[in-house]
Amino acid sequence: MKFATEAIHSSYDPDDHNRAIMPPIYQNSMFQMKEIGEQIPFRYARASNPTRKVLEDTVAALEHGAAGFAFGSGMAGIDCVYRAFLRPGDTIIAVSDIYGGSYDLLTEVYALWGVNVVFADLTDPAYLDKALAEHANVKMVWLETPSNPLLRLVDIETLAAKAKAAGALVGIDNTFATPYLQNPLDMGCDIVFHSATKYLCGHSDVLMGVVAVKTEELARPMRAMMMNTGGVAGPMDCALVLRGIKTLALRMQRHCENALEIARRLEAHPAVEKVFYPGLPSHEHHNLAKRQMRDFGGVVSIWLKNDSKEAANSVIKNLQMVQMASSLGGVESLINHCYSQSHSGVPHEIKTAAGIKIGLLRFSIGVEDVEDIWADISAALDTARTGQ
Ligand SMILES: Cc1ncc(COP(=O)(O)O)c(C=O)c1O
């Protein structure tokens with residue numbers, strides 16, 4: 001099956017569910033047993049639930065993995081991965097251009113529990129060689145590409161090969177690309193993670209994390225940790241994300257088309273210093289993006305020429321349709337001030353060094369008509385030059 005078909009039909013058989021065309025919502029915490037020790041597929045919803053299972057199998061199928069796991073939030077999913085595979089004394093090398101919440105989880109939780117947390121700029125794969133040589137017990141390498149919010153890419157295949165040669169597991173945050181644009185397990189990664197809150201759900205009404213692992217051997221510790229710690233997704237949310245996934249291919253096509261068009265127009269706008277979008281030839285990793293991804297995604301970031309809070313705020317306040325919110329990946333276009341929102345917990349010096357300036361704005365380009373999106377953004381940008 002091709003992707004769009006698999007997103008609709010894989011992992012679900014109506015015959016198993018009273019011929020219901022859509023996966024039913026099993027709003028159950030437990031399932032009946034008829035005798036001691038009876039082997040039944042579902043017993044208790046923390047272990048598994050039929051609606052969640054359809055979603056987990058669908059994600060595993062789309063990511064070409066052996067098993068999937070659905071959690072009550074993206075962070076619960078990442079936490080389960082780290083807890084399942086990291087121990088005190090182990091080292092994790094994470095890409096420096098990492099989502100702010102993942103940075104906080106590593107520095108404020110895992111570092112305090114004795115995990116050696118190392119951030120490395122992996123845009124040049126040679127930096128991974130250096131980090132691997134400098135640190136002992138490297139158990140995991142954690143990638144994120146394209147990254148949030150500057151859409152930097154790392155070379156998944158090369159980095160995964162290096163990490164594996166050093167005996168480390170490779171996990172990747174694939175939230176921005178989705179399995180529609182890239183399948184990291186086919187490029188050598190072991191574990192792929194999504195904040196399903198974003199594109200997989202697609203309608204900004206669910207908080208969820210999903211993980212797919214490449215082998216059954218990796219699935220066992222994940223299953224055990226998920227059961228022990230219990231951060232599982234509820235059945236209603238699973239049904240909503242399953243519904244979202246059915247239109248993922250359609251939505252991603254439109255997100256990508258709209259984002260490329262908006263990125264091109266932003267490049268020509270006098271209020272804009274620089275546009276970050278992997279689909280633009282001016283993007284530092286455009287060639288890698290063409291090789292590694294099937295299209296370039298729906299997120300576009302800019303640096304304003306007037307790098308001030310006032311200018312950024314004036315763009316935000318003058319938008320009529322595009323709304324300011326702390327997320328992305330829904331059908332509606334959004335704007336985010338990363339400095340004070342997604343990366344508020346990251347120290348000023350680290351943010352600025354990483355390019356997350358006060359005048360950085362990140363757009364999640366939705367699936368509305370591109371002319372309406374541009375009319376709104378361009379009119380708001382006109383005000384940024386004066387900061388009014
Ligand atoms: C790239 C990335 N990873 C992880 C997360 C965390 O996911 P959640 O907010 O669903 O817990 C986010 C959320 O913004 C994200 O953008």
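This is a dialogue on how to read several features of a predicted model.

Trainee: Where should I start with the overall build, and how many helices and strands are in the protein?

Mentor: Start from the fact that the model is predicted, and then take the secondary structure, which comes to 14 helices and twelve strands. The radius of gyration is 21 Å, close to the 21 Å that the globule rule gives for 388 residues, so the protein is as compact as a globular protein of that length. Along the principal axes, the C-alpha atoms fill a box of roughly 75 × 50 × 35 Å, and buried residues make up 56% of the 388 residues.

Trainee: Which residues come nearest to the ligand?

Mentor: The shell around the ligand has 15 residues, of which M75, D173, S195, T197 and K198 come nearest. By character, the residues of that shell divide into six nonpolar, six polar and three charged.

Trainee: What distances should I look at between the oxygen atoms of the ligand and the polar atoms of T197, M75 and G74?

Mentor: For T197, an N or O atom in the side chain is 2.6 Å from an oxygen atom of the ligand. The other two cases involve the backbone: a backbone N or O atom of M75 lies 2.9 Å from a ligand oxygen, and a polar backbone atom of G74 is 2.9 Å from an oxygen atom of the ligand. As for enclosure, the ligand has 390 Å² of accessible area on its own, and the protein covers 92% of that. The elements that give two or more residues to the shell are α3 (74–85) and β6 (191–195).

Trainee: How many disulfides are there, and why is C201 not bonded to C238?

Mentor: In general, a disulfide is a covalent bond between the sulfur atoms of two cysteines. Here the count comes to zero disulfides. C80 is in no disulfide, and the nearest cysteine sulfur to it, that of C238, is 15 Å away. For C201, the closest cysteine sulfur is also in C238, at 11 Å, which is too far for a bond, because a pair must lie within 2.5 Å to count. In terms of accessibility, C80 counts as buried at 2%, and C201 is buried with a relative accessible area of 1%.

Trainee: Which peptide bonds are cis, and which residues have a positive phi without being glycine?

Mentor: The general expectation is that most residues other than glycine have a negative phi, and that most peptide bonds are trans. In this model, the peptide bond from T145 to P146 is cis, with omega near -5°, and a cis peptide bond with omega of about 5° joins N148 and P149. P146 is placed in the loop between β4 (138–144) and α6 (156–165), and P149 is found in the loop between β4 and α6 as well. As for phi, N18 has a positive value near 55°; N18 lies in the loop between α1 and α2 and is exposed, with a relative accessible area of 76%. H64 has a positive phi of about 60°; H64 is found in the loop between α2 and β1 (67–71) and counts as partly exposed at 41% relative accessibility.

Trainee: Is a loop residue such as I36 or G279 buried or exposed?

Mentor: Each case has to be read from its relative accessibility. I36, in the loop between α1 (3–9) and α2 (50–62), counts as exposed at 85%. G279, in the loop between β8 (272–276) and α11 (286–292), counts as buried at 9%.

Methods. Residues are numbered from 1 along each chain as its sequence is written. This is a predicted model: local features need pLDDT of at least 70, side-chain atom pairs count only at pLDDT 80 or more; totals for chains, interfaces and linings use all residues. Side-chain values use heavy atoms; hydrogens and water are left out. Buried means under 20% relative accessible area, exposed over 50%, partly exposed in between (1.4 Å probe, protein chains only). A residue is near a molecule or strand if one of its heavy atoms lies within 4 Å of it. A polar contact is a pair of N or O atoms within 3.5 Å; within protein, one must be able to donate a hydrogen and the other to accept it, and residues adjacent in sequence count only if both atoms are side-chain atoms. Accessible areas come from the Shrake-Rupley method with a 1.4 Å probe; for residues, only the protein chains shown count as cover. Helices (H or I, at least four residues) and strands (E, at least two) are DSSP runs, numbered from the N terminus. Ala, Val, Leu, Ile, Met, Phe, Trp, Tyr, Cys and Pro count as nonpolar, Asp, Glu, Lys and Arg as charged, and the others, Gly among them, as polar. The radius of gyration is taken over C-alpha atoms; the globule rule is 2.2 Å times the number of residues to the power 0.38.
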